[in-house]
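Dear colleague,

I am handing over the structure we spoke about, and below it you will find what came out of the analysis. Please read the notes with the structure open beside them.

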Amino acid sequence: MTKKAVHFGAGNIGRGFVACFLHEAGYQVVFADVVDKLVNDLNAQPSYNVIELGTHGTTQKTITNYVAINSRSDEAKLVDEIASADILTCSVGPRILQFIAPTIAKGVAKRSLDQAPLAIIACENMINNTANLAGHIKDPKNTPAESLADHEKKTIYANSAVDRIVPDKKGEPTLDVQLELFYEWVVESTPFTNAGASKPEVPAIHWVANLDPYIERKLYTVNTSHATAAYYGYNRGKPAIHDAMADASIRDSVAAAISETAAFIVKKHGVSKDEQEAYKNKILDRISNPNLDDSVKRVGREPLRKLGRHERLIGPAASLAEEGMSTDALLAAAEMAFRFQNVEGDKESGELAKIMAEKSADEVVSQVCGLEASHPLYPKVKAVVEKVQADSRD
């Protein structure tokens, strides 16, 4: 019997990363999305290609055995698919998790207690991604309190850390996806062990008992470096990430930022300095890959989220400040992020410009960065905000 996976989000990450590995593991993939054209194109086309961009050339994979469902207009059909699925994944973005939760809850409710538990793994770029999704699904408005005990028996939620760069695609839009050759998909095994259940057989997944070091290493190295390169690059007129990284001063700034985060990772998780230094240098080389040709505007988008308390710049800087350690390079990167305003195609950059123009520095630090006035990083971020606001008035 064919294994079935339901995946919410048929965008580039969904098609090129998650669905690719599920397909290779022998699953039929049921895509769920709200974009009519994307759903129709997937159903009309029996295959698409995933092109992996390495530094020395490309490889190509062909993905088949999938269907697509519009989760907005055909929810009942999607609920039935969830009720009979073996694994459910998603890559819709942190803010959309709450909107897919009601449908998932309905699908779980239709499952029998005799079925194997549904493995649910969110692939959003955030800490505790699946736990966040679980919170929305188990909300009483989606899963009534009297059904929660059965719900827990029917599901296994496992957090994950995903790492793969998917750049802007040039030319006419197609279902084919271009992405970097390197990838990492790490999933916590403990929920399955605790439930006495088998883990999904997906060779691409690296199973670990403790996910925290992998999540923070990835977020505070890959995402921090990528964002830092994007914000410096945008403010210095560089069109693509590899153009920014070809500028020695920007590369030095990026390296300095993730040297600070490396100090945090080494101290908190006991990773050796040599291991983290090697990982840092690998990431610098990865984001410098000219074959990726990734736009600084794409990577820098959603600056309000990326300046958040537990995100890639303020998160590690806050932890370092609490230990009395250096945060100069991360604060310089945050300054570049605060200057990412009114960028075409990015709504949040317009919202950031409005907040910076209308709010006091204290209000910005509190509202955007989520820092309390008593936190040791607070006055330093406030000084950065004041500097950017002063420059905007000149």
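A cavity, as the word is used here, is a set of grid points where a 1.4 Å probe fits but cannot get out, and its volume is the space filled by probe spheres set on those points. Please keep in mind that this is a predicted model.

By this rule there are two cavities of 30 Å³ or more. The second largest cavity holds about 30 Å³ of space, and its lining is formed by His226, Ile241, His242, Ile287, Asn289, Leu292, Asp293 and Asp294, which divide into three nonpolar, three polar and two charged residues.

The largest cavity encloses about 60 Å³, and among the residues that line it are Glu124, Met126, Val162, Ile215, Lys218 and Asn223. Strand E9 (160–163) and helix H8 (212–235) are the elements that each give two or more residues to this lining, with H8 giving the most, namely four residues. Sorted by character, the lining of the largest cavity has six nonpolar, three polar and two charged residues.

Turning to helix packing, helix H4 (residues 97–109) lies against helix H5 (residues 129–137) at an angle of about 60°, the axes being 8 Å apart, and the two helices are therefore oblique to each other. The crossing of H4 past H5 is right-handed. On the H4 side the contact is made by Leu97, Gln98, Ile100, Ala101, Ile104 and Ala105, which meet Asn129, Asn132, Leu133, His136 and Ile137 of H5; seven of the residues in this contact are nonpolar, four are polar and none is charged.

With best regards

Definitions and conventions: Residues are numbered from 1 along each chain as its sequence is written. This is a predicted model: local features need pLDDT of at least 70, side-chain atom pairs count only at pLDDT 80 or more; totals for chains, interfaces and linings use all residues. Side-chain values use heavy atoms; hydrogens and water are left out. Axes are lines fitted to C-alpha atoms, for helices over the stretch in contact, and angles run from 0 to 180 degrees between N-to-C directions. Angles under 35 degrees count as roughly parallel, over 145 as roughly antiparallel, 65 to 115 as roughly perpendicular and the rest as oblique. A crossing is left-handed if the near helix is turned anticlockwise from the far one by less than a right angle, and right-handed if clockwise. Contact means heavy atoms within 4.5 Å. Ala, Val, Leu, Ile, Met, Phe, Trp, Tyr, Cys and Pro count as nonpolar, Asp, Glu, Lys and Arg as charged, and the others, Gly among them, as polar. On a 1 Å grid over the protein atoms alone, a cavity is a set of points where a 1.4 Å probe fits but cannot get out, and a pocket is an open set with protein on both sides within 12 Å along at least five of seven lines; lining residues have an atom within 4 Å of a point.
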